[in-house]
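User: I'm new to reading protein models. Could you walk me through this one, step by step?

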Amino acid sequence: MKYGARNKVTGKVTSIKSDQVMSLVKFDVTTPAKMASVVTTESVEELGLKIGDTVQLIIKAIHVLPVKE
């Protein structure tokens with residue numbers, strides 16, 4: 001199956017809560033993933049980011065798409 005999302009994280013389904021229209025599916029992440037961020041150079045300078053720094057990654061996304069192959 002092909003899809004357009006670049007960043008993939010493997011997860012195990014841990015719970016499913018369903019009503020008549022929507023379902024909430026929760027996952028435990030089981031595979032490490034690499035992430036990337038595009039930010040302004042000004043932000044990099046203000047944060048003082050340098051290679052080797054440990055940072056928290058806040059993921060802002062409107063979709064998490066489960067794919068079962």
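Here are some questions and answers about this predicted model.

User: Let's start with the overall layout. In what order do the elements run from the N terminus on?

Analyst: Start by listing the parts: the protein has one helix and two strands. Now read along the chain from the N terminus, and the order comes out as β-β-α.

User: How many bridges join strand E1 to strand E2?

Analyst: E1 covers residues 11-18 and E2 covers residues 23-29, and the two run antiparallel. They form a hairpin, with four residues between them. Lys17, for one, has Leu24 as its bridge partner in E2. The number of bridges joining the two strands is seven.

User: Which residue in E2 is the bridge partner of Ser18?

Analyst: Strand E1 spans residues 11-18, so Ser18 sits right at its end, given that strands are read as runs along the chain. Across in E2, the bridge partner of Ser18 is Ser23.

User: How many of the residues in E1 are buried?

Analyst: To count as buried, a residue needs under 20% relative accessible area. Across the whole protein of 69 residues, buried ones make up 0%. E1 fits that picture, being hardly covered: among its eight residues, the buried count is zero.

User: Which two side chains meet in a salt bridge?

Analyst: Side chains of opposite charge can pair when their charged atoms come close. A search of the whole structure turns up one salt bridge, so there's just one pair to look for, using a cut-off of 4 Å between nitrogen and oxygen. Here the N to O distance is 3.5 Å, and the pair is Asp53 and Lys50.

User: Is Lys50 buried or exposed?

Analyst: The cut-off for exposed is over 50% relative accessible area. Its partner Asp53 has 31%, so Asp53 is partly exposed. Lys50 has 57%, so Lys50 counts as exposed.

User: About what area does the nonpolar surface patch have?

Analyst: The patch is made by several residues, including Val9, Met35, Leu47 and Ile59. Leu47 is found in helix H1, residues 41-47, and at 63% relative accessibility Leu47 counts as exposed. Met35 is found in the loop between E2 and H1. The area of the patch is about 900 Å².

User: What distance separates the C-alpha atoms of Met35 and Val9?

Analyst: Both residues help make the nonpolar patch. At 37% relative accessibility, Met35 counts as partly exposed. Along the chain Met35 and Val9 are 26 residues apart, and their C-alpha atoms are separated by 9.6 Å.

User: What share of the accessible surface belongs to carbon and sulfur atoms?

Analyst: Take the whole accessible surface of the protein, which comes to about 7400 Å². The share belonging to carbon and sulfur atoms is 56%.

User: Last one, about confidence. In which element is confidence highest?

Analyst: Where pLDDT is low, the predicted coordinates should not be read in detail. The protein averages a pLDDT of 80, and 86% of the residues score at least 70. Confidence is lowest in E2, at a mean of 85. The highest, at 91, is in H1.

Note on methods:
Residues are numbered from 1 along each chain as its sequence is written. Side-chain values use heavy atoms; hydrogens and water are left out. Two strands pair if DSSP finds at least two bridges between them. Buried means under 20% relative accessible area, exposed over 50%, partly exposed in between (1.4 Å probe, protein chains only). Patches are made of residues with over 30% relative accessible area and no salt bridge: like charges are joined within 9 Å, nonpolar side chains (Val, Leu, Ile, Met, Phe, Trp, Tyr) within 5 Å. Accessible areas come from the Shrake-Rupley method with a 1.4 Å probe; for residues, only the protein chains shown count as cover. pLDDT is the predictor's confidence in each residue, from 0 to 100.
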